[in-house]
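Student: I have a model open and would like to learn how to read its features one at a time. Could you walk me through some of them?

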Amino acid sequence: MTDSSLDQGLEAFAIPTEAIVLADQRPDAQPRTLVVAALRQELQRRRLALPLGPETDLDNPERLLLLNRVAVQIVTAGLLADQIAIPLPPWQEASQAPQLLAAALVDDDNQVVILPGVLTAQEVISAAASAVTSASEMHLDTSLFQGGLDRLLTYVMVLQPEALPRVGLAPAPPSLAVGISELRDLLAGRIDGIWSNLLGASLQPLGAAAFRGAVTTPPADTFGAGLSLQIPLGLGPDAVLAGDSAASCVERLQLSVAPGSGEAESQSLRVVVASCLQGDLLPDGLALRVSQGDHSHRIVASATSSLHLDLQQRDGLITIAIEFPGLRTLELPSLLWRR
Amino acid sequence: MEAYTQLRTLGAAGLRLKPLPQAAAYVQQQGIEAEAPSPGLDLDFWEQSQARPDPLPLLCLRCRLSDPLHQWLQALLRRHGQQHELEPTAIAAYLLDDDGSLQIPWPTEPPSRQSFTHALLASAGPAPLHPFSAEVLRSWDPRCSSLPNWGRERAQSHPPLKAYLRDSGLLLITDWALLADSSPKRVAEVWESFGGGSLSTAQAVALHGRYRELYRTAKAAHRQATGRISGWRPDSTFLLSLAPDQPVTETRQQLEAIARAIRLLQSGQWQRSEVGDPDLELDRRQAAGQFDAVSNDAEAPDGEQLRAQIDAALQRAMDQLLPAELAAEQKRFSKAPEKQRAWQLYGEGLSQREIAARCDHKQAWVSKQLDEKRRATAIATAAAAELVRLPAFHSCTASPQAATRLHEALRNHLVEPEQEGCVAPLRLWIQQNLQTP
């Protein structure tokens, strides 16, 4: 043990300012217990009276934490961990899945807890695509978790419940009751997990494949620039399907969503449904329904090769649904104009 | 042979090197002529201490141990002493409290002093022993670790020292925790960059993998046996199970080498958090006009009204959070007037660099005292929760991105003056509430 080796192999680490140093020592406590204690300590210090549950089973690491009635999966690792294991059972069933995933780095020896940040359920789905995953858990880099305790508190105190949808890692259900994405983010390439993983959404240059057939080709001055969001659709045995599950359908369709260009870019939106085979007629009875705030439009195919609806910018969520008689309707995640 | 005959110890006059004539006489009597200390000599003294109830062989090992502990202390002070205001004598009191006496206080009823021998140490119960060298020597297993390394490891997990350092803002993290926290990916990366010795990267990853596999079980057993999570370290059985075909000393050295490589990488990353808040400085430059992006235009009041609502929410959040924080800071002012000076200058609007110059400290010291980013972030969180109840900010409840933007905008507004020449809200609050003597 020489001086130089000591200087190089630093053994003492400065406690980061965001660390929660537990006031009461719990020498035999499990990491989950320390995280709950840290949360309570911090809530008390900030004088925030947020409900924390489940009250009778708070220390059980297999239970989701309910912080201000938001379901949070708490995962723990050592203080200097570079990866963190996420148990997958809570994510199997979308209706029971966490709304947020919070990482906690715990030094049980020193009784110090750091919350590096949170991921929304949709961000978890995105991260899962490139994560090392086994049957029961996946491993994510701790650096993915950003924003610290304050992001967790901001989300649970500020957001409406529907802004934090529960999304499972299981295959997409036929009808997607999920939250709100920002239209401009989607069309700028920031496609989050629910759109890319579950709906198979991709971005295409406008004019290449976005709008099929002469009837639906948008005027160049309005829709001729930028990108469009493309989602493969299919008519399954009992539901209108999207994404990978649409690939095996006999009747395959394509949904395109694109903004206007130039001055109209921030003011208009075109939604188009067309057959995958250029010029093919759509099945009669197929309907495109688009709702925005109090306004709703619905058009039904009858001997036509495409359906399209143009929307003008106004307040309110945009909901796009594809209907077909006898099949469950496909409803896409809600969209919001970004200001 | 000074390594075995001179003791680094904390006395009334501070740290000093104390020659021990009894140890020197013992070394001479044994006919030891080597100049430098060595693991072989350490083992010889150890075996002599086991062979007869004589405190002198252990006295020589106590001298030997004191030097690496002293080096460890010096390295800690060099790296963290100024930033964390560490007291050399306070740390030495935990590690270098051996005065070279041939007797040690013994936890009998009533307390007594006994001859400092191997047999006595072997008979000790679980209660901690003093001096610290007794604690190190009673648990030393020469088959697993060299004495200097064992001293370092015990220092890392010495509860009173850990508590002192924790209060000073430092964490001692053992090799064993560091190895358990590291993924195979990290081990592969650091071994490629900093690894050495006989192990290939694949072998290092494999050894580390086996370690992580058995670590959880071993730690659970330790918890059951002791009622504590802390304090686990691998014994020879554990090390043997990791690599049955090689001596446990070698396995241990290999694990320590992997941990050392991780530290080299990790300490650099971790230490970046100590040198100010560059993010916040950047945020400040982006602060102007940011509320335009988060408020709902359709329902927003005019700019002045909006600003009044924001300022009122921030003021309430500061009134809620800051008094307790400032009171805690003010308790330290009597002992360290330069801290009060730093706060005063902060309230007046000076930059951290300017404050550092006027307080004759580094900017990192100022950053640590003010802890501006953490405080501003917590205030912004409270203010955001209040503001979204107002129609102008209601749209921020609809998406995590919008909520994050609002939070960041509030935090930046707190630390950034509205106009040139003005004082930012957080600084203004400090200026108005800091009690001057």
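Student: Let me begin with contacts. Leaving aside its neighbours within four places in sequence, what is A:Glu137 in contact with?

Tutor: Keep in mind that this is a predicted model. Setting aside neighbours within four places in sequence, A:Glu137 touches A:Ala85, A:Ile86, A:Pro87, A:Leu88 and A:Val132. A:Glu137 itself belongs to strand S10 (residues 137-141) of chain A. Look at A:Ile86 in that list: 51 residues separate A:Glu137 from A:Ile86 in sequence, yet their C-alpha atoms are 5.2 Å apart.

Student: Is A:Glu137 buried or exposed?

Tutor: Its relative accessible area is 25%, so A:Glu137 is partly exposed. In chain A as a whole, buried residues account for 54% of the 339 residues.

Student: How do I read a nonpolar core?

Tutor: The general idea is that nonpolar side chains tend to be buried together in soluble globular proteins. Here the largest nonpolar core has 80 residues, and those touching the most other members are A:Leu67, A:Val72, A:Leu152, B:Ile355, B:Ile379, B:Leu410 and B:Leu426. Beyond four places in sequence, the contacts of A:Leu67 include A:Leu43, A:Pro51, A:Val72 and A:Val156. Another core, of 56 residues, lies apart from it, with A:Ile84, A:Ile125, B:Leu179 and B:Val248 among its members.

Student: B:Leu426 makes me curious about helix packing. At what angle do the axes of H16 and H22 of chain B cross?

Tutor: For a helix pair, look at the distance, the angle and the handedness. The axes of H16 (residues 303-330) and H22 (residues 425-433) of chain B come within 11 Å and cross at roughly 55°. That angle makes H16(B) oblique to H22(B), and the crossing is right-handed. The residues of this contact divide into eight nonpolar, three polar and one charged. B:Leu426 is one of the H22(B) residues that meet H16(B), as is B:Trp429.

Student: And the backbone? Which residues does a cis peptide bond join?

Tutor: Check omega. A:Gly53 and A:Pro54 are joined by a cis peptide bond, with omega about 0°, and A:Pro54 sits in the loop between strands S3 (52-53) and S4 (65-67) of chain A. Another cis bond links B:His130 to B:Pro131, with omega about 5°.

Student: What about phi of A:Arg47?

Tutor: It is positive, near 55°, in a residue other than glycine. A:Gln111 also has a positive phi, of about 60°, and is not a glycine. Their surroundings can be set side by side: A:Arg47 is exposed at 55% relative accessible area, whereas A:Gln111 counts as buried at 2%.

Definitions and conventions. Residues are numbered from 1 along each chain as its sequence is written. Chains are lettered from A and ligands numbered from 1 in the order in which they are written. This is a predicted model: local features need pLDDT of at least 70, side-chain atom pairs count only at pLDDT 80 or more; totals for chains, interfaces and linings use all residues. Side-chain values use heavy atoms; hydrogens and water are left out. Axes are lines fitted to C-alpha atoms, for helices over the stretch in contact, and angles run from 0 to 180 degrees between N-to-C directions. Helices (H or I, at least four residues) and strands (E, at least two) are DSSP runs, numbered from the N terminus. Angles under 35 degrees count as roughly parallel, over 145 as roughly antiparallel, 65 to 115 as roughly perpendicular and the rest as oblique. A crossing is left-handed if the near helix is turned anticlockwise from the far one by less than a right angle, and right-handed if clockwise. Contact means heavy atoms within 4.5 Å. Ala, Val, Leu, Ile, Met, Phe, Trp, Tyr, Cys and Pro count as nonpolar, Asp, Glu, Lys and Arg as charged, and the others, Gly among them, as polar. A nonpolar core is a set of buried Ala, Val, Leu, Ile, Met, Phe, Trp, Tyr and Cys residues joined through side-chain atoms within 4.5 Å. Buried means under 20% relative accessible area, exposed over 50%, partly exposed in between (1.4 Å probe, protein chains only).
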